[in-house]
Every structure is written in C-alpha cells, then in structure tokens.
Amino acid sequence: MKKALPIIVILLIVLGIAGLVFYQYQDSKVQMNTGYVNGNTAGNLYNAGLFCENNGTVFFSNPDDNGKLYSMDADGSNLTKLCNDTAMYINADSNYVYYVRDNTATFQSSTNGGPSFPYFSYNNNSLCRIDRAGGKCTILDEDPCIYASLIGNYIYYLHYDNETATTLYKIKIDGTEKTKLSDTYVFTCSTDGRYFFYNGMQYDGYIYRYDTETDSSVMIYPHNTYKPTVTADGNAYYLDVDRNNALVHVDIASDNPVTLTNDSVDLYNVYGSTIFYQNYDKDGSKLCCVQNDGSNYKVLAQGNYSNINVTSYYTYFTDFRTGNILYTSTSNPDALYAFHPGIIE
C-alpha cells in the first residue's frame, strides 16, 4: 500500500492537469451559431451601427465615454462597460459582440459638427469579437474594415488595403477563412437569414440578392435605388436615385412602387411600421418620421441629424452641428432628449 500511494497521487495530478487543459481548451473554443443569425438591422448598419439590440440587451457606442463599447438593457438600465475600444458597426449573437473599432474617432464637437469617424485607419479600424459580458477582444481582421454584417458564422464586410483598395470580404467568426469575394464593394447591411441585399454600385442601381451559402448574386429589382432595406416578406424600402432620393416602398413581387415622401432623403431607418429619416432641404433640413404607408408624417426636429439608430425602446440620433446624441421614444416619437448614459471607469 505504501508503494501504491505515490502512484495514485501521480495519477490524480495527471488527471487534474488533463482536466484543466481540457477545460481551458473548451473555454477557448469559439461557440458557433446553429443557424443564419443576423447581427443587426439594416437601418442601424447603414447608420454606422452605433447601437445593436439582441435578446433584450443593447450594445452601443457610449458618447459619454468617447464611443467606448458598452451594454445596457433596452430601457437604459444596467449599464456595463465591455472594453476600451471605440466601436461602430456593432453586431451581436447569443455568445459574442462583433464590431469595428476606431480608436482614432472622437465624439466631441468639431468644426463640421458631429462625431468624427476617419474612413479607414491602419491598426485602428480592425474587425473584432468580444464576449457579451466584455473582457479582452479578439482581432478577426487587423486590416482596415467597415460596414460589417454578421450572417450565421461569417461576417461580410468592406476591407481595405493599398493594393486593391476597398473590396468585399468575408471571414468566419473564429478568425479563419478570410476570403475576398469581389473586387468591387457593396453595402452588406440589409440581411435576411442567409441573404443580404444591395444596390449595384458599378453599372446600375438595381437591387441584388446575395446568397451566402453559394456566394452568388441574382438581380431581383431593376430600378435605380440606393441603400435598400429588404424585409423577409419581400417588401423593400429604398431611396429613388432618379427622383432626388425620394423614399419609396415596394412589394418586389408586384413591382408597384409607392412614394412615401417626396423629400430629398439623406438617410433613413425602418423599424416595424415606422420610418425615421433625415430630409435635406437648402431652405431648412429636418428630422422626420412617417408610417410605412406614407401616413402620419411628423417633423421631430429642425436641422441636420445623422446616425439614426433604432431599438425597441428608443431611437437615437446625432446632432450634426453639436455632435450630441439625442433620443426619442420608438413607439411614440415626439420630443428629443439628450442621451447621457454615464461612464464606468
């Protein structure tokens, strides 16, 4: 028995070490999605993706902390700081948050107003992944990136390098299979399951559907559009390039476009039956909302606003003149209030 004791102890130590290694290995494995999860809404991603709601949690760029990545409940409670990266193009699934970090950005007022986001900066516009609870981020692509959209287990995004400039890429959420898909760039914001929808950028403004399962495209709507938002039931919203960027709704199957407003629209965001948009007018631009049938038009504020991001509770805007973030109720948009969630050191 005296000789057997050391052997048992050694075996227990070996088993303990093996168990610890296995646990660390399992803990370090990237959790994959079982279906075609979409990381954020089209409207938010068209508007810099500063807010992203997922399973009751809102991940966002905190203007009180120079755009650092935070989370909160949809009603604004339970504020949590996730990391010290200034984040944009935020996406989320049940395990992780994905974002483009831009640590050169500033949320302070500038001479041209609003947050300053350099288009591409080496070592700053990296594509990142972080746990939903925060911690240390994993860099998926250290090259300059922008307009990132999560579809299933891949992120589709615009990639920049000195040789090919801006091109369309995808990468797996574990950082493998980085692949250039096209020499031209398109917006990957409007997603539905395995598809994303985009307007042609080189030869026409038609709406195309990209199948991420086959990495192939098909044209689905032959009209001159810009930044389309296509829903699961085949409804599409877009800016009509031939009509001074009027906001249009169409059922693609019936091809019977309806003009929702003849305003010249700079940017917009569709959420349920409500559409928030920025009208450009040389005599007085304004922030507006309208129902998706063109009814209940309302002016929310005079002036220029950008970065329209919508969540279930609140809709957020950036005042272009001051750079301040404001918000209003999503279900009953009316007065605008200053957004100051606070800072966690």
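**Exercise 1. Find the members of one aromatic cluster, and then place one of them in the nonpolar core.**

Solution. In this predicted model, one aromatic cluster is formed by Phe51, Phe60, Tyr70, Tyr313, Tyr314, Tyr316, Tyr327, Tyr337 and Phe339. Next, turn to the largest nonpolar core, which has 44 residues and in which Phe51 is listed among those with the most contacts, together with Leu127, Ile155, Tyr157 and Phe196. The largest share of this core, 6 residues, is supplied by strand E8, residues 145-151. Finally, note that another core lies apart from it, with 13 residues that include Cys52, Leu69, Ile90 and Tyr99.

**Exercise 2. List the contacts of isoleucine 155 beyond its neighbours within four places in sequence.**

Solution. Once those neighbours are set aside, isoleucine 155 touches Tyr98, Leu127, Leu140, Ala148, Ser149, Leu150, Tyr169, Lys170, Ile171 and Ile173. One of these partners, Leu127, is also named among the core residues with the most contacts inside the core.

**Exercise 3. Classify the ring pairs of tyrosine 46 with phenylalanine 187 and of tyrosine 96 with tyrosine 98.**

Solution. Begin with tyrosine 46 and phenylalanine 187, whose ring centres are 6.2 Å apart with 80° between the planes, an edge-to-face pair. Then locate the two residues: tyrosine 46 belongs to helix H2 (residues 42-46), whereas phenylalanine 187 sits in the loop between strand E11 (179-182) and E12, so that the pair links distant parts of the chain, 141 residues apart. Both residues are buried.

For tyrosine 96 and tyrosine 98, the centres are 6.2 Å apart and the planes stand at 65°, so this pair is edge-to-face. Tyrosine 96, at 6% relative accessibility, counts as buried, and tyrosine 98 is buried with a relative accessible area of 1%.

**Exercise 4. Work out which strands stand at the edges of the open sheet of 4 strands.**

Solution. The strands follow the order E12-E13-E14-E15, and their pairing is antiparallel. Strand E12 (190-192) and strand E15 (216-221) each have a single partner strand, so they stand at the edges, and one side of each is left without a neighbour in the sheet. Between them, strand E13 (residues 195-199) pairs with strand E14 (residues 207-211) over 5 bridges, and phenylalanine 197 has arginine 209 in E14 as its bridge partner.

**Exercise 5. Find where the pLDDT is below 50.**

Solution. The protein as a whole has a mean pLDDT of 89, with 86% of its residues at 70 or more. Residues 18-27 fall below 50, and this stretch has 1 contact beyond near neighbours in sequence. Residues 108-122 are also below 50, but that stretch has 45 such contacts in the model.

Key:
Residues are numbered from 1 along each chain as its sequence is written. This is a predicted model: local features need pLDDT of at least 70, side-chain atom pairs count only at pLDDT 80 or more; totals for chains, interfaces and linings use all residues. Side-chain values use heavy atoms; hydrogens and water are left out. A nonpolar core is a set of buried Ala, Val, Leu, Ile, Met, Phe, Trp, Tyr and Cys residues joined through side-chain atoms within 4.5 Å. Buried means under 20% relative accessible area, exposed over 50%, partly exposed in between (1.4 Å probe, protein chains only). Contact means heavy atoms within 4.5 Å. pLDDT is the predictor's confidence in each residue, from 0 to 100. Two strands pair if DSSP finds at least two bridges between them. Rings of Phe, Tyr and Trp (its six-membered ring) pair if their centres lie within 6.5 Å; planes under 30 degrees apart count as stacked, over 60 as edge-to-face and the rest as tilted.
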